[in-house]
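Q: Please take a close look at one helix of this chain and at what surrounds it. I would like a connected account that begins with a single residue and works outwards from there.

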Amino acid sequence: MKTKKMLSMTMALSVAATSAFAGVTAFAEEEEDYVIKVGVICAMTGGSAIYGEGAQNAIDMAVEEINASGSEYTIEILNGGNVADDAKDATEAVNAYNSLMAESPEAVVGSFFSTPTLAMAELAADDGMLLLATGATNVDVTLKGDTIFRNCFIDPFQGEMAAQFASEQGYTSAYVIYAKDDDYSNGLKDAFVESAEALGIEVLGVAECTTTDTDFTAQATNAVASGADFVFYPYFLDTVPLLVQ
């Protein structure tokens, strides 16, 4: 009974926070205590901290609503009610996951990003822990184990839709720039290039950068020189403005 209730609350909390980050689930059979303990992981520091801030706000709202609903079950967010910080880094994500596991969660929600989520997913699969990723679109995330889920589109779909949109706008050539050290960026790049070529969009060049780059002069210069109709840059808002400049 508790497992069924937890799964329904999982979807309620997850939908409430989809725009930022949230969710709730449970897995292990245990003594009925009517409290569902959930750990949440996202970037709370660094250039992507805005995602973690949104996650915290969404979770606070969702938990307040669920716990005030009159249900016999209540939600407890571990780590003192705070999102555990993964700094959008695989190593930090593993550290955050392990710290939450010490508090015996019944589910872990995280992360918003593919790279840290992939690292945690392997551990969660080994532990039999329910893990719900709310923004990790890399196709391999849910292939890590039977207890790994997500509530967002995967990279192949997003890359295909981006190429389809470009085709519908009449664009016939593209220049691609991607972050080679990021799973999300790699996944969208691959999917976009494949779909673009299938739709008759010529990819005139593919340039690399890293997630820590601050100077995109070389890539932008080459993109302009290629004569491409547009640039496809699959990454997050912390570096997009630097490229746009």
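A: T117 is found in helix α4 of what is a predicted model, and with a relative accessibility of 0% this threonine counts as buried. Once its neighbours within four places in sequence are left aside, T117 is in contact with G110, S111, F112, L131, A133, A136 and V141.

The helix that carries T117 runs over residues 114-127, and its length can be checked: at 1.5 Å a residue, its 14 residues should span 20 Å, and the C-alpha atoms at its ends are 20 Å apart, so the expected and the modelled span agree. T117 is one of the buried residues of α4, which are S114, T115, P116, T117, L118, M120, A121 and A124. The cover over these buried residues includes the strands β1 (35-42), β5 (131-133) and β6 (148-150), together with the helices α3 (90-101) and α6 (183-198). Just after α4, G128 takes a positive phi of about 70°.

On the other side of the helix in sequence, the loop between β4 (107-109) and α4 holds S111, which is among the contacts of T117. S111 has a relative accessible area of 0%, below the 20% cut-off, and is therefore buried. The peptide bond that joins G110 and S111 is cis, with omega at about -5°, and both of these residues are in contact with T117. The side chain of S111 also takes part in a polar contact of 2.6 Å with the side chain of D86.

A further residue to consider is K88, whose place is in the loop between β3 (84-85) and α3, the latter being one of the elements that cover the buried residues of α4. K88 is not a glycine, yet its phi is positive, near 55°. With a relative accessibility of 17%, K88 counts as buried, and this lysine lies over the face of F113, at 5.3 Å from the ring centre. Positive phi outside glycine is also found at Y34, where the angle is about 65°. Y34 lies in the loop between α1 (2-16) and β1, and β1 is again among the elements that cover α4; at 36% relative accessibility, however, Y34 counts as partly exposed, whereas K88 counts as buried.

Another lysine placed over a ring belongs to α6, the helix of residues 183-198 that is included in the cover of α4: the charged end of K189 sits over the ring of Y178, 4.4 Å from its centre. Aromatic rings also pair with one another, and the count comes to ten aromatic pairs. In one of them, the ring centres of F216 and Y233 lie 6.0 Å apart with their planes at 65°, and because an angle over 60 degrees is the criterion, the pair is edge-to-face. F216 lies in the loop between β8 (202-209) and α7 (217-226), and Y233 in the loop between β9 (230-232) and α8 (240-244), so this pair ties together parts that are 17 residues apart in sequence. Both partners count as buried, F216 at 4% relative accessibility and Y233 at 13%. Ring pairs also link Y171, F192, F230 and F232 into a cluster.

As for covalent cross-links, the structure holds zero disulfides. Among its cysteines, C42 counts as buried at 0% relative accessibility, and C209 likewise counts as buried at 2%.

Seen against the whole chain, α4 is one of eight helices, which are accompanied by nine strands. Of the 245 residues of the chain, 47% count as buried. Among contacts in the chain with a separation of 6 or more, 67% come from residues 24 or more positions apart.

Technical notes. Residues are numbered from 1 along each chain as its sequence is written. This is a predicted model: local features need pLDDT of at least 70, side-chain atom pairs count only at pLDDT 80 or more; totals for chains, interfaces and linings use all residues. Side-chain values use heavy atoms; hydrogens and water are left out. Rings of Phe, Tyr and Trp (its six-membered ring) pair if their centres lie within 6.5 Å; planes under 30 degrees apart count as stacked, over 60 as edge-to-face and the rest as tilted. Helices (H or I, at least four residues) and strands (E, at least two) are DSSP runs, numbered from the N terminus. Buried means under 20% relative accessible area, exposed over 50%, partly exposed in between (1.4 Å probe, protein chains only). A charge sits over a ring if NZ of Lys or CZ of Arg is within 6 Å of the ring centre and within 35 degrees of the ring normal. The expected span of a helix is 1.5 Å times one less than its number of residues. Contact means heavy atoms within 4.5 Å. A polar contact is a pair of N or O atoms within 3.5 Å; within protein, one must be able to donate a hydrogen and the other to accept it, and residues adjacent in sequence count only if both atoms are side-chain atoms. A disulfide is a pair of cysteine sulfur atoms within 2.5 Å.
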